[in-house]
Amino acid sequence: MARFHDLKVTDIHKTIRDAVVLTLEPVNGAAEHFEFTAGQYLTFRHDFDGEELRRSYSICAGKDDGVLQVGIKRVEGGAFSSWANSDLQVGDVMQAMPPMGSFHTQIDANAERQYLGFAGGSGITPVLSILRTTLAREPKSRFTLVYANKGINTIMFREELEDLKNLYMGRLNVIHILEADAQEIDLFTGLVTQDKCAQLFQHWIDIENVDTAFICGPEPMMLGIAAALREHGLDDSQIKFELFASAQPGRIRRKTGAADAATQANQTKAQITLDGSTQTITLPKDQSILEAALDNAMDAPFACKAGVCSTCRCRVLEGEVEMVANHALEDYEVEKGYVLSCQAYPVTDRVVVDYDQ
Amino acid sequence: MAEDMTLDSYLAAGGVLTNPTNVPPRYRAELMKLMATFVDSELAGAAGFADIINQGPGIKERIAAARIVLEKTDNADRVLTIMGEFGADTQRYATHHPWTARLDRNADIGATRSEHDMRLAVFNYPITGWADAVIMNLLMSGAVAEQLAEFSTISYQPLAEAFRTIAPIEAHHGELAVEEAAKLAEEGETAQLQASVDYWWPRVAASFGSSRTEKHEALRKLGLRRLTGPELKSRWQANATATLDQLGLAAP
């Protein structure tokens, strides 16, 4: 089971007005867990007024850059990205799970490959990690990046890309497509659609010799590009996707007024066992078992909090709880006393539950 | 082109998802079940074969059987690793259950699963000997090939990639079974082989499941299914019948 480890923020660099690049150093013995593959992401957690949010951000550093960096763009209404952009300070310690994801291909120092990357906005982060790593480690390979942004001033890593172009003279080609700002060539203005790709493949990109394509951006852009690539002969194993943050709303739940006094007469004593140790907790009957465990610093497993993923499953040994929703457990599991703790509210005045069974 | 496409319409249009944080809850549940079914079936299949390694008539046969055990366990691990990214406790998962447990040879459970795991029903039946193991492997490898061709295109990219890696390995297990069945047939074991075909055929066929249209449609919209169980089954039946025919055996 993946665990969270401590990462110290050693640098915060604003790459554009509303995006930061964080440099992170694993501390407290975490270093061994943060060997990464180019294109992987980190899942962070942070507590916002008692509610934990988890968010994933791609590593943007290359394997040979000697640092661990992620790029975080502020998403409107996004609690985590706003916090990272406004409140986070050098010296703070964040918590993240080890790198995950399979947005990459095998590096081969002798390979002579043609890579094609598509990035939309902050979708550049994993693609940047991949292009930095492949250009450094595959000296004969070439990389073409099609990079879509709203306008010139929202291009993350613009200078870094220029530097890389100079460093890898002739091996890195960057095509900026800007939605709003006019450019000398009409083709480079607008959105990256299936049609736009087809036009790019006519004169600007040697699509027939592309070995692998990487795409990271918003959903419609990914669909259009993938359709164009398939139309030009690439198969599924040659097209690598990374869908980024747009599917993670990340808003903090609105707090209802502090615990109703009326529920005081409505309390349950819950004995909760997790990882071999047992705590007895008093909770109101309108609080879920999972919330109660988390509130009491128990590291109870959970993920979706929607009664679906079954990660928070526990077994009721005594007493009775009621599940509000259950989309994951089968009838036979429920008969045995298994419940989804995120959906389970106590009914009796005493319950005994176990996460270890 | 709308910037804020819903995830449902993205998936229905053939989009792929790439990590646990951008997977919606219902999708996650179906994906976890699909993965658990594969992992449990591989672990149970490997456990079943482990018990017959030493019944192999010669060293080569034992090596082949041992290799199948190793590789099926390895394939289970590839998918279990992805479940781990969703929060599953992979250490506990692999050992929490007696994968060698089998029902009675004549138990009639149709397509229902056991109470304790997600293995396909067919993996609840015991193997009775070397020839029986060869036929079970031959028929089931064919079924797995159809399932994996289907799963290699599913919308969760890391899993589709894992299945694309796994497919040729499982296909090779089927080739080993065909080679061994041919040898046994040459040695005059045809009657015993045919008895095993008659036993395993309906049980493997049942593993494709029935076609519940609503359920299938929901999975199809999520990009987790394309063909229905009966469609996959008829592909398997055609291929398996041809293979058996070459061995001088008949599909029931």
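In this predicted model, helix 3 and helix 6 of chain B meet through a well-populated list of residues. On the helix 3 side, the contact is made by B:Glu61, B:Ala64, B:Ile68, B:Glu71, B:Asn75, B:Arg78, B:Val79 and B:Ile82. Helix 6 of chain B contributes B:Pro158, B:Leu159, B:Ala162, B:Thr165, B:Ile166, B:Ile169, B:Glu170, B:His173, B:Leu176 and B:Glu180. Sorted by class, this contact comprises ten nonpolar, three polar and five charged residues.

The geometry of the pair can be added to this picture. Helix 3 of chain B spans residues 59–85 and helix 6 of chain B spans residues 157–186, and their axes lie 10 Å apart at an angle of about 165 degrees. Because angles over 145 degrees count as roughly antiparallel, helix 3 of chain B is described as roughly antiparallel to helix 6 of chain B. The crossing of these two helices is left-handed.

Turning to chain A, an open sheet is built from five strands in the order 13-12-18-14-16, with mixed pairing. Strand 13 (277–284) and strand 16 (338–340) of chain A each have a single partner strand, so these edge strands are left with one side lacking a neighbour in the sheet. On average, and with direction ignored, neighbouring strands of this sheet are turned by 35 degrees against each other.

At one of these edges, strand 16 of chain A pairs with strand 14 (residues 313–318) of chain A in the antiparallel sense, over three bridges. Within this pairing, A:Cys314 has A:Val339 of strand 16 as its bridge partner.

Conventions: Residues are numbered from 1 along each chain as its sequence is written. Chains are lettered from A and ligands numbered from 1 in the order in which they are written. This is a predicted model: local features need pLDDT of at least 70, side-chain atom pairs count only at pLDDT 80 or more; totals for chains, interfaces and linings use all residues. Two strands pair if DSSP finds at least two bridges between them. Helices (H or I, at least four residues) and strands (E, at least two) are DSSP runs, numbered from the N terminus. Axes are lines fitted to C-alpha atoms, for helices over the stretch in contact, and angles run from 0 to 180 degrees between N-to-C directions. Angles under 35 degrees count as roughly parallel, over 145 as roughly antiparallel, 65 to 115 as roughly perpendicular and the rest as oblique. A crossing is left-handed if the near helix is turned anticlockwise from the far one by less than a right angle, and right-handed if clockwise. Two residues are in contact if their C-beta atoms, placed from the backbone, lie within 7 Å. Ala, Val, Leu, Ile, Met, Phe, Trp, Tyr, Cys and Pro count as nonpolar, Asp, Glu, Lys and Arg as charged, and the others, Gly among them, as polar.
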